[in-house]
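I wanted to go through this one helix by helix and keep notes as I went. Here is what I looked up.

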Amino acid sequence: MRNKNQSQSIATIAIFFAVMLVIHLLSSFIFNWLPLPIKPTLVHIPVIIASIIYGPKTGGILGGLMGLMSVITNTIIILPTSYLFSPFVPNGNFSSFVIAILPRVLIGIFPYFVYKILKNKVGLLLAGGIGSLTNTIFVLTGIFLLFSSVYDGNIQKLLATVISSNSIAELIIASFMTSIIVPRIEKI
C-alpha cells in the first residue's frame, strides 16, 4: 500500500510540475513578446493549489521545483537581475540560491494552513493571496537584506516598482484562480 501511495504522490507532483513548466513557457513567451506593462509570475498558482489539495509536503516539493526553475532560467537567460536568483552568474552567490528556493518552498506550505483554518470560499481566496504574498514578501525581503548594497541605496525604488505593479496583479490572479480551480479538483 505504501508503494501505491508513493507512486500516486510522485505522479501528482509530476503532473503539477508539467503544468508549471507549460505555464512558465507560455507566460515567458506572452510577457516577453507582447508589450504589456506588467509581467506577473503565474507559476506559483499550481504550487498554491497543490498545497491546498495535497498538503504542505507536496506543495513544498513543488515550490522547491519552482525555485529550481528560477535558478535554471536565470542561469541560462541572463538578465540584469539574474544574479538575484542564480549563484552561477556574475555577482550571484549562495544568497541568490536562498532567494530563489526558500520563498518558493514556503509558497507550498502557507496556503495549506490558511485553508485548513478557513475551509470556505474566503479561505480559498485568502490562501491564494497568502501564497502569492509569501513569494513577494520573502523574495523582496531577501533581496533587500542580502543584496541592498549592490543597488547603492536605490533598492527601495526597485522594490516599490515590483510591489506596485506585479505583486498586486499576482495576488489578484492567484486568489481568483485558486478559488475557481480548487473546488473543481476537489470534486474529482
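The entries below cover a buried helix, the cores, two helix pairs and a couple of single residues.

**Entry 1: the model.** I noted at the start that this is a predicted model.

**Entry 2: helix α2.** I began with α2, which spans residues 44-54. Is α2 enclosed by the rest of the structure, or open? I found 9 of its 11 residues buried, so α2 is largely enclosed by the rest of the structure. The buried ones are His44, Ile45, Pro46, Val47, Ile48, Ile49, Ala50, Ser51 and Ile52. Just after α2 comes glycine 55, and I read its phi as positive, near 105°.

**Entry 3: the largest nonpolar core.** Next I asked which residues of the largest nonpolar core touch the most other members. The core has 20 residues, and the answer is Met20, Val47, Ile52, Leu62 and Met66. At least two core residues come from each of α1 (2-33), α2, α3 (56-76), α5 (110-117), α6 (121-147) and α7 (155-187). The top contributor is α2, which gives 6 residues. I then spotted another core apart from this one, with 12 residues, including Tyr83, Leu84, Ile101 and Ile143. As background, nonpolar side chains in soluble globular proteins tend to be buried together.

**Entry 4: isoleucine 52.** I picked this residue to see what it reaches beyond its sequence neighbours. Skipping anything within four places in sequence, isoleucine 52 is in contact with Pro111, Tyr112, Tyr115, Leu124, Ala127, Thr178 and Val182.

**Entry 5: α2 against α5.** Some of those partners sent me to this pair. The two helices pack at an angle of about 50°, and their axes are 8 Å apart. That makes α2 oblique to α5. The crossing of α2 and α5 is right-handed. On the α2 side I listed Ile48, Ser51 and Ile52, which meet Pro111, Tyr112 and Tyr115 in α5. Sorted by class, this contact has 5 nonpolar residues, 1 polar and no charged ones.

**Entry 6: α3 against α4.** I did the equivalent lookup for α3 and α4, the latter being residues 94-107. How do these two run relative to each other, roughly parallel or roughly antiparallel? Their packing angle is about 150° and their axes sit 7 Å apart. Angles over 145 degrees count as roughly antiparallel, so α3 and α4 are roughly antiparallel to each other. I logged the crossing of α3 past α4 as right-handed. From α3, the residues Gly60, Gly63, Gly64, Met66, Gly67, Leu68, Ser70 and Val71 take part, meeting Phe97, Ala100, Ile101, Arg104, Val105 and Ile107 in α4. The class tally for this contact is 8 nonpolar, 5 polar and 1 charged.

**Entry 7: asparagine 91.** This residue turned up in the loop between α3 and α4. I checked its backbone: phi is near 75°, a positive value in a residue other than glycine. For context, most residues other than glycine have a negative phi. Is asparagine 91 buried or exposed? It is exposed, at a relative accessible area of 61%.

**Entry 8: leucine 171.** Last stop was leucine 171, which lies in helix α7. Its relative accessible area is 26%, so I put leucine 171 down as partly exposed. Which residues does leucine 171 touch, not counting those up to four places away in sequence? They are Gly129, Ser132 and Leu133. I also looked up its separation from glycine 131: the two are 40 residues apart in sequence, with 8.2 Å between them in space, C-alpha to C-alpha.

Notes
Residues are numbered from 1 along each chain as its sequence is written. This is a predicted model: local features need pLDDT of at least 70, side-chain atom pairs count only at pLDDT 80 or more; totals for chains, interfaces and linings use all residues. Side-chain values use heavy atoms; hydrogens and water are left out. Buried means under 20% relative accessible area, exposed over 50%, partly exposed in between (1.4 Å probe, protein chains only). Helices (H or I, at least four residues) and strands (E, at least two) are DSSP runs, numbered from the N terminus. A nonpolar core is a set of buried Ala, Val, Leu, Ile, Met, Phe, Trp, Tyr and Cys residues joined through side-chain atoms within 4.5 Å. Contact means heavy atoms within 4.5 Å. Axes are lines fitted to C-alpha atoms, for helices over the stretch in contact, and angles run from 0 to 180 degrees between N-to-C directions. Angles under 35 degrees count as roughly parallel, over 145 as roughly antiparallel, 65 to 115 as roughly perpendicular and the rest as oblique. A crossing is left-handed if the near helix is turned anticlockwise from the far one by less than a right angle, and right-handed if clockwise. Ala, Val, Leu, Ile, Met, Phe, Trp, Tyr, Cys and Pro count as nonpolar, Asp, Glu, Lys and Arg as charged, and the others, Gly among them, as polar.
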